[in-house]
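Here's a quick briefing on the empty spaces and one helix pairing in this model. Have the structure open while you read.

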Amino acid sequence: MALAKRNGVPEGDQMTCGPQHCLAGQTLRESYAGPVETWPTPWGEPGIPILEMAAVSRQAPRRGTPAARLGERLFHDPRLSGSGQISCASCHSPELAFTDRVRTSFGHNRQRTRRNAPTLLDKADQPLFHWDGQAASLEEQALLPILDPGEMAGERADIEAWLNADPDYRAFFAEAFGPLDQIRLEDVARALAAFQRTLHQTTDFDRFMSGERDRLDDQQILGLHLFRTTARCMSCHMGPRLTDDRFHNIGLHFYGRALEDTGRAAITGRPEDSGTFLTPSLRHVSRTGPYMHNGIVPELAGVIAIYNVGGPRPRPRPDQLDDPFFPTPSELLESLDLSPEERLALEAFLRAL
């Protein structure tokens with residue numbers, strides 16, 4: 001299978017061949033045995049700098065700090081919700097990689113929310129949160145679902161009243177943050193964020209990136225190579241967290257239909273942001289389905305199939321032709337023409353992340 005010319009690498013110098021696959025005279029395993037800087041050049045899109053893969057930093061705060069312990073207690077406390085029956089863990093279960101594994105989460109009075117609950121693992125270094133990027137910190141992110149009437153439907157005054165009346169919580173907050181005249185909801189957010197910054201889990205790919213090159217089998221090595229080259233995944237999923245932290249439209253906005261979601265545009269009000277959503281990290285992706293902002297893709301194979309055909313490309317109806325908010329698909333979407341073998345290898349690699 002010849003790979004396209006990119007970054008000055010001639011097509012003939014990047015080839016896979018035979019049952020074990022080879023690359024410029026080496027097996028793929030040999031090509032990926034050394035340091036990252038010796039690996040085959042990743043696919044590069046004009047004007048988009050590629051941040052190379054790297055091991056995830058493990059400098060997150062320890063889980064045993066007073067603030068993190070308080071945050072964990074609050075994370076599981078349903079009294080933060082208006083009904084007294086929903087906690088943060090209701091949609092971000094530790095047993096489910098801090099997701100709920102449903103298409104879109106259920107909130108107050110069993111209301112169906114419109115977006116899929118992402119994992120909370122490995123979020124310590126993330127700059128923006130929520131699919132539309134409306135929160136710029138873990139502290140902001142923690143408050144939004146608590147106060148959202150469709151999610152936890154908590155009331156600031158009620159939450160602060162019972163926390164300040166609870167001698168145990170007053171002691172916990174004092175231990176975490178020092179003496180407080182009054183516990184405020186912002187202090188709750190500080191504790192929840194402290195807990196969430198401790199959440200990480202080591203994967204086979206982490207160990208591979210740390211030098212244990214036998215952690216990936218031959219099929220997964222092929223998947224890694226495809227991820228970096230002809231599958232073009234690194235156009236958006238790059239760096240240690242496997243995301244560019246940018247917003248893209250992949251055609252799943254359902255504009256003008258029942259599932260319409262304009263994504264980032266609802267925050268910015270800009271037509272060019274219509275239908276764009278934050279690139280999710282692919283870390284732990286095999287454990288955090290269903291996929292996409294609305295959870296409509298149940299399996300990884302379906303995600304790969306969507307990108308393999310270049311994504312959906314909805315066309316405006318006659319009454320939408322002059323609508324500046326009708327979303328325009330990302331120019332990064334193109335048909336990949338991956339073979340069945342390659343799609344399986346790519347999925348196998350994703351399961352190691």
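Which residues lie nearest the centre of the largest pocket? They are His 92, Asn 116, Pro 118, His 130 and Glu 151, out of a lining of 42 residues. Bear in mind that this is a predicted model. Below, we start with that pocket, move on to the largest cavity, and finish with the contact of H11 with H12.

**The largest pocket**

- About 830 Å³ of space lies in this pocket.
- Three helices each give two or more residues to its lining: H3 (88-91), H4 (138-147) and H7 (185-196).
- H4 is the top contributor here, giving five residues to the pocket lining.
- Sorted by character, the lining of the largest pocket comes out as 18 nonpolar, 17 polar and seven charged residues.

**The largest cavity**

- The count comes to three cavities of 30 Å³ or more.
- The largest of these cavities has a volume of about 890 Å³.
- It has 46 lining residues, and those closest to its centre are His 237, Pro 280, Leu 282, Val 303 and Tyr 307.
- Strand E4 (277-278), H11 and H12 are the elements that give two or more residues to the lining of this cavity.
- With five residues, H11 gives the most to that lining.
- The lining of the largest cavity splits into 27 nonpolar, 15 polar and four charged residues.

**H11 against H12**

- Two of the elements that line the largest cavity, H11 and H12, also pair up with each other: the axes of H11 (residues 300-308) and H12 (residues 340-350) come within 10 Å.
- Those axes cross at roughly 125 degrees, which makes H11 oblique to H12.
- As for handedness, the crossing of H11 and H12 is right-handed.
- On the H11 side, the residues that meet H12 are Leu 300, Ala 301, Ile 304 and Asn 308.
- Their partners in H12 are Arg 343, Leu 346, Glu 347 and Leu 350.
- Taken together, the residues of this contact are five nonpolar, one polar and two charged.

**Worth a look on screen**

- For the pocket, try colouring H4, which gives five residues to the lining, and then find His 92 and Glu 151, which are among the residues nearest the pocket centre.
- For the cavity, try H11, which also gives five residues to its lining, and pick out Val 303 and Tyr 307, which are among the residues closest to the cavity centre.

Notes. Residues numbered from 1 in each chain as written. Predicted model: local features only at pLDDT ≥ 70, side-chain atom pairs only at ≥ 80, totals over all residues. Heavy atoms only, no water. Axes fitted to C-alpha atoms, helices over the stretch in contact; angles between N-to-C directions. Helix = DSSP H or I, 4+ residues; strand = E, 2+ residues; numbered from the N terminus. Parallel < 35°, antiparallel > 145°, perpendicular 65-115°, else oblique. Left-handed = near helix turned anticlockwise from the far one by under 90°. Contact = heavy atoms within 4.5 Å. Nonpolar A, V, L, I, M, F, W, Y, C, P; charged D, E, K, R; others polar. 1 Å grid on protein atoms, 1.4 Å probe; cavity = no way out; pocket = protein on both sides within 12 Å on 5 of 7 lines; lining within 4 Å. Points joined across faces, edges and corners; volume = space filled by probe spheres on them.
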